[in-house]
Amino acid sequence: MQRLGFEILHTDGAARRGRLTTRHGTIETPVFMPVGTLASVKSLTTEQLKALGPEIILNNTYHLMLRPGVDLIEKLGGAHAFQSWDRAILTDSGGFQVFSLSSIRKLREEGVEFRSHIDGSLHFLSPETSIDIQQRMGVDIAMAFDECPAHGISHDETEKSMELTHRWARRSLAVRAGASALFGIVQGGIYKDLRKRSVEEIASLDFDGIAIGGVAVGESKSEMLEIIGYTTPLLPAEKPRYLMGVGTPEDLLDGVAAGIDMFDCVMPTRNARNGSLFTSLGKVAIKNAKYADDPGPLDPNCSCTTCTTVSRAYLRHLFVNDEIAAHVYNTIHNVSFYLDLMRGIRQAIGSNSLGSFRDSFLSKQTTL
RNA sequence: GGAGAGUUGGCUGAGCGGUCAAAAGCAGCAGACUGUAAAUCUGCCGGGCCACGCCCUACCGAGGUUCGAAUCCUCGACUCUCCA
């Protein structure tokens, strides 16, 4: 059976309206994938998540490897069965933890040694072990094991890191087996010559899709946009393109316009827990005193259960009192907002109006 | 009635002659968050200003000692504990 199907249905400039086919359903692109690191989109039950309608979510190899461990997940029937999720799952390879947990890991040619952030125990991730874990969990899309370098390193250091990622990409591909699709990851930091070389290398390999990694790691917004705008058009048109870890609603619009098909980001879920809510009128910091007696809905233009059920005043009350329901309501809204945004984007591409959709969206954002 | 302890910024609570506009926590106000070590982190938090320095008002109240007092003394007010 084919690991992954992808067809482009329509284009609007560089933007693509497409469809991914997986063993766990079809995915309309451009798509936003909520992040569920520990086999859970934080603060939502599987049922609540399902009701929001995402067609694919993320899980994380490093975190699930530590707890509960791949043996257990495999024994219980794989990642889908474990979390009762019958739609698609993509796993990050642990490459991001090479970056985010840089203080507790050692990087070698062979792979990365991690001291568990939980109990300090030693764990090893390499292209071979990462891909094996992802495949044993039975995910729909696995990611190559890469080194996500920090921003601020030199051209030479970035080049060395990129070349390691390339060697690891070949090793990742060499152990692909079974039904999981495998995506390669382009690196190269903020250096265009390296990004170009990285695209050439990764695109020459038999990956099922290609991701742009190593962005939003500390560089400026303009640097990030510059790199995305430069790199995306270099990617092969026939494969799905995934911009890893991005981003804000505006970033999604920019990414789509550049030709990206897939996004993931912790922003809607993490910000929800921190009381920062995305709305059609701009960001709402729900803890602000001005919402204390605001009887209106969080976002008057949103039809999620949060916006149709409770007031801003109540949401603020829940949040300032650390009520668990605050996380639930906030997360439902933010994820819903992101999914709605992508729905609007797909529609706009279909009617060749992405540009005006973007302008309209952003002009309302500035009113707050 | 007797003996003792205490009264500090919205609250709890450090301080025991100068480096105190006063620790710390909480509350309050605001900000950040981009392949999740995050229900986390950061800043502000007496007032004022020509604002990275200066001025004013401050540690229950009133006096006093001292070059200098939240800190020592006197008197007063109030609170608490124990014994009758």
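Two strands count as paired if DSSP finds at least two bridges between them, and strands (E, at least two residues) and helices (H or I, at least four) are DSSP runs numbered from the N terminus. This is a predicted model, in which local features need pLDDT of at least 70 and side-chain atom pairs count only at pLDDT 80 or more, while totals for chains, interfaces and linings use all residues. Residues are numbered from 1 along each chain as its sequence is written, with chains lettered from A and ligands numbered from 1 in the order in which they are written.

**View 1. Strands 1, 2 and 3 make an open antiparallel sheet.** The strand order is 1-2-3. Strand 1 (5–12) and strand 3 (25–29) each have a single partner strand, so one side of each edge strand has no neighbour in the sheet. From one strand to the next, the twist averages 15° (angles run from 0 to 180 degrees between N-to-C directions, and axes are lines fitted to C-alpha atoms, for helices over the stretch in contact). Seven bridges link strand 1 to strand 2 (residues 15–22) in the antiparallel sense; look for Phe6, whose bridge partner in strand 2 is Leu20.

**View 2. Eight strands form an open sheet with parallel pairing.** Reading across, the order is 4-14-13-12-11-10-6-5. The edges belong to strand 4 (31–34) and strand 5 (56–60), each with a single partner strand, so one side of each lacks a neighbour in the sheet. Neighbouring strands here are turned by 25° against each other on average, direction ignored. Inside this view, strand 13 (residues 241–243) and strand 14 (residues 262–265) run parallel and are joined by two bridges. Leu243 has Phe263 of strand 14 as its bridge partner.

**View 3. Helix 8 (residues 192–203) packs with helix 9 (residues 221–231).** Their angle is about 35°, and the axes are 10 Å apart. The crossing is right-handed (the near helix is turned clockwise from the far one by less than a right angle). Lys192, Arg195 and Val199 of helix 8 meet Ile227, Tyr230 and Thr231 of helix 9, with contact meaning C-beta atoms, placed from the backbone, within 7 Å.

**View 4. RNA strand B is surrounded by 48 residues.** Here a residue is near the strand if its C-beta atom, placed from the backbone, lies within 6 Å of it. The closest are Cys148, Ala216, Gly245, Gly247 and Ser276. Strand 5, helix 5 (95–100), strand 14 and helix 11 (267–273) each supply at least two residues of this surface.

Key. Contact = placed C-beta atoms within 7 Å.
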